[in-house]
Amino acid sequence: QVQLQESGPGLVKPSQTLSLTCTVSGGSITTNYYYWSWIRQPPGKGLEWIGYIAYSGSTYYSPSLKSRTSISRDTSKNQFTLQLSSVTPEDTAVYYCARAVEPRSVRSDYWGQGTQVTVSS
């Protein structure tokens, strides 16, 4: 089975960059045809898709977050990362990595457990 695990700081100061890493085991992030995604859930709100890096290395981001988002990967470590710049308290959420089964979708067959990120001084 594929397993995903998020890691990174749980507290980020306003205006700084949020950086998270997803470590994947049980499957390669280069395997056809999957889309390695970041999704978040603010308190009391629904899931929000952030973006993905595909098996090919191509990226796609939510239009509302595109200007602040960068997703990259390290195939030697089977990891992919999220960087979200210029954060505000509105970026406080539980952040998930997941394996999407189709592009530009939150429909996923495997999810990480999620990690809480709080933006505060």
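In which strand is Trp36 found? In this predicted model, Trp36 belongs to strand 4, and with a relative accessible area of 1% the residue falls under the 20% limit and is therefore buried. Although Trp36 and Cys97 are separated by 61 residues in sequence, their C-alpha atoms lie 7.3 Å apart in space.

The chain as a whole provides the setting for this residue. Its secondary structure amounts to 11 strands and 0 helices, so that, read from the N terminus, the order of elements is β-β-β-β-β-β-β-β-β-β-β. The radius of gyration is 13 Å, which is close to the 14 Å given by the globule rule for 121 residues, and the chain is therefore as compact as a globular protein of that length. Measures along the principal axes give a span of about 40 × 25 × 25 Å for the C-alpha trace.

Burial and contacts can be described for the chain in the same manner. Of its 121 residues, 41% count as buried, and Trp36 is buried as well. When contacts between residues at least 6 apart in sequence are considered, 55% of them join residues that are at least 24 apart. The area exposed by the chain is about 6,100 Å², of which carbon and sulfur atoms supply 46%. With regard to charge, there are 10 positive and 7 negative side chains, and the centres of these two sets are 4 Å apart.

Aromatic rings form a further group of features, with 9 aromatic pairs held in the structure. One of these pairs is formed by Tyr33 and Tyr55, whose rings are arranged edge-to-face, at 5.1 Å centre to centre and with 85° between the planes. The pair links distant parts of the chain, since Tyr33 is located in the loop between strand 3 (18–25) and strand 4 (35–41), whereas Tyr55 is located in the loop between strand 5 (48–54) and strand 6 (59–61), the two residues being 22 residues apart. Their accessibility was also computed: Tyr33 counts as exposed because its relative accessibility is 53%, while Tyr55, at 21%, counts as partly exposed. Both tyrosines belong to a cluster in which ring pairs link Tyr33, Tyr35, Trp49, Tyr52, Tyr55 and Tyr60.

Conventions
Residues are numbered from 1 along each chain as its sequence is written. This is a predicted model: local features need pLDDT of at least 70, side-chain atom pairs count only at pLDDT 80 or more; totals for chains, interfaces and linings use all residues. Side-chain values use heavy atoms; hydrogens and water are left out. Helices (H or I, at least four residues) and strands (E, at least two) are DSSP runs, numbered from the N terminus. The radius of gyration is taken over C-alpha atoms; the globule rule is 2.2 Å times the number of residues to the power 0.38. Buried means under 20% relative accessible area, exposed over 50%, partly exposed in between (1.4 Å probe, protein chains only). Contact means heavy atoms within 4.5 Å. Accessible areas come from the Shrake-Rupley method with a 1.4 Å probe; for residues, only the protein chains shown count as cover. Lys and Arg count as positive and Asp and Glu as negative; His and the chain ends are not counted. The place of a charge is taken as NZ of Lys, CZ of Arg, CG of Asp or CD of Glu. Rings of Phe, Tyr and Trp (its six-membered ring) pair if their centres lie within 6.5 Å; planes under 30 degrees apart count as stacked, over 60 as edge-to-face and the rest as tilted.
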